[in-house]
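Trainee: Please take one part of this model and go through it closely. I would like to hear about the surroundings of the ligand, and then about whatever else in the backbone and the helix packing deserves a look.

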Amino acid sequence: MRYLDLKRKICSVRMLAIQGIAEAGSGHPGASFSAAEIMGVLYFRKMNHSPEKPDWDERDYFINSKGHSAPGFFATLAIAGYFPPSEMETLRKLGSRLQGHPVRYTPQESHQSVPGTEFSGGSEGIGLSVSIGIALANRLDGKKNRVYTLIGDGESNEGQIWEAAMAAAKFKLHNLVAILDRNRIQQDGFTEDIMPLDPTRDKWSAFNWNVIEIAGHNVEQIIDALNKSTEAKDRPTIIIAKTVKGNGIKHMTNNPQWHGKAPPREHTPILLEELRSECLIAPSIIAGQQENYEEKIRSAERGGADIIHLDIMDGKFVPNSTFNSDTIKQLRNITTLPFDAHLMIENPLAVIQDYIDARCDIVTVHAETCSESEFGQITDRLLSNGISPGIALNPSTDLPNWVFPHLRDVDVVLIMSVNPGFAGQKFIPEVLSKMRHINQKLREHGFRGYIEADGGIDATILQAVYEAGARIFVAGNAVYGSGDIHGAIIQLRYKVNVALERKLLEQADTIGIRRDWLKTRKHILIPLANELGIEEELHALK
Ligand code: DX5
Ligand code: ZN
């Protein structure tokens, strides 16, 4: 899966979509963002498809029945390689192929339709019926192609959806997977106020569908559900993806106003900064008294952690030893959360296959423990197994020059802010200027990965580490030494939010739209106003 690369691609989709919508002055950010992970996982990881051969006979089909999510859909096709991303600047412009709703692609009409578009969306409620026709035809032809259909919960007001639901079950279409973008908002308000859909699961079960419910922005759960959908042999599957309208831009989140409204063009650079600043909290399970790793992982997942940080120590490279790939194999099936393996061991190349077999999602080795050619072999092995490679630096180690030619293959640069070996140590403040320097150098070399900060991270230092460029925050003692794991993760995320809003406000100042930005962002900023020192200013805003 190369987890971090998938995250980065989906982030690029949101960035491309919001740029296009702002440039056009119209469009649907709400749905483009609520369905971003769903469409991203399908096009970047799951579906058999080919941008070079859009009509490839063995392709899987994606039917986007909620046509108004077109900006997100087009951006996904562009990032997947169906057309140049720069064409998104023409969204909704006269003469553009990218209009408000997708048009089914035909080579004859390539001037007004883009490759990869299987269905002309817009009038809602129709896509599922079309999917049934395609799934039936494929089955009659003995073909293995699968059909994926994105439908909306507002769209589920349409009676045709339920006619189609009955028909698909009658025909036992196991090659059909519908994904419900359950963001609970439609054009003019909340679905449960307008036409209640709940109990959604019961409805689809009653129509004899295989029903899977997931967190719709969690790529691991989406992949897991799509895999599970192939197990249903006698019925179609519906994945009820619990999503958030406008997810990614805080003031658009869960806000019906942003169903079909474009942000002012001058907000674009700030919105792009927000999107590219997504942060991940990674509890380190060796910290704290308790030895029960399984329980630690479960409580981190319940507490809202994004990834699990696993410190592998061999007692040679560092003066301590913890666990190895065998333990990780035992822990792998208790969560779909990504595993971030931090290898503090000598000669990592010799054992890299063990961490591949343990199904880690990120594997980071220390620059002090391998040569350039060994690192090259390690990244090749990891990438060919869909794992995100990372390189780690001890506090006194600068980023070696030999890393730069490999940057395209590196998803993480982990900067230690304690000397490796133990959790619960004090953060080394001198590391901040090094982190700033490395972040700048990496960006100058086109690095698109994440900087991970590891060691002594807690709520008091987090903002400084954020400003130095980190976007993945390992937290051992701050989480497992706190006595309240959920509360500790919430507090770290709160500090991330404060740091983010401070940065966005600085950007609004730079482009001279502070007041307008404060107005737009007011309901997000009020809870943080004290820490940001803007209480009076917000209060004075009329
Ligand atoms: C130290 C490890 C860290 C450590 C983090 O060598 O790499 O991941 O466990 O724990 P805290 O946050 O307590 O420093
Ligand atoms: Zn670590």
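Mentor: What follows starts at the ligand and then moves on to two backbone details and two helix pairs. Keep in mind throughout that this is a predicted model.

Ligand 1 has 20 residues around it, and those that come nearest are G424, D454, G456, G476 and N477. Three of these five can be described at the level of atoms. D454 uses its side chain: a polar atom there lies 2.6 Å from an oxygen atom of ligand 1. G456 uses its backbone instead, with an N or O atom placed 2.7 Å from an oxygen atom of the ligand. For N477, too, the polar atom belongs to the backbone, and the distance to an oxygen atom of ligand 1 is 2.8 Å. The protein buries 99% of the 380 Å² that ligand 1 exposes when taken alone.

By residue class, the shell around ligand 1 consists of 9 nonpolar, 9 polar and 2 charged residues. Turning to secondary structure, three strands each supply at least two residues of this shell: β9 (308-313), β10 (339-344) and β15 (472-475). The strand that gives the most is β9, with 3 residues.

One of those strands, β10, leads to the first backbone detail. In the loop between β10 and α13 (352-357) sits N347. Its phi is near 50°, a positive value in a residue that is not glycine. The second detail is the peptide bond from D198 to P199, which is cis, with omega near 0°. P199 is in the loop between α7 (191-194) and α8 (200-206). Both deserve a second glance because most residues other than glycine have a negative phi, and most peptide bonds are trans.

That leaves the helix pairs. Helix α1 (residues 3-24) packs with helix α3 (residues 36-46) at an angle of about 125°, and their axes are 10 Å apart. The two are therefore oblique to each other. The crossing in which α1 passes α3 is right-handed.

Helix α10 (residues 268-276) and helix α18 (residues 485-510) form another packed pair, with an angle of about 160° and axes 9 Å apart. At that angle α10 and α18 are therefore roughly antiparallel, as the cut-off for this class is over 145 degrees. Their crossing is right-handed.

How values were computed. Residues numbered from 1 in each chain as written. Chains lettered and ligands numbered in written order. Predicted model: local features only at pLDDT ≥ 70, side-chain atom pairs only at ≥ 80, totals over all residues. Heavy atoms only, no water. Near = heavy atom within 4 Å. Polar contact = N/O pair within 3.5 Å; in protein donor to acceptor, adjacent residues only side chain to side chain. Areas by Shrake-Rupley, 256 points an atom, 1.4 Å probe, with all protein chains shown as cover. Helix = DSSP H or I, 4+ residues; strand = E, 2+ residues; numbered from the N terminus. Nonpolar A, V, L, I, M, F, W, Y, C, P; charged D, E, K, R; others polar. Axes fitted to C-alpha atoms, helices over the stretch in contact; angles between N-to-C directions. Parallel < 35°, antiparallel > 145°, perpendicular 65-115°, else oblique. Left-handed = near helix turned anticlockwise from the far one by under 90°.
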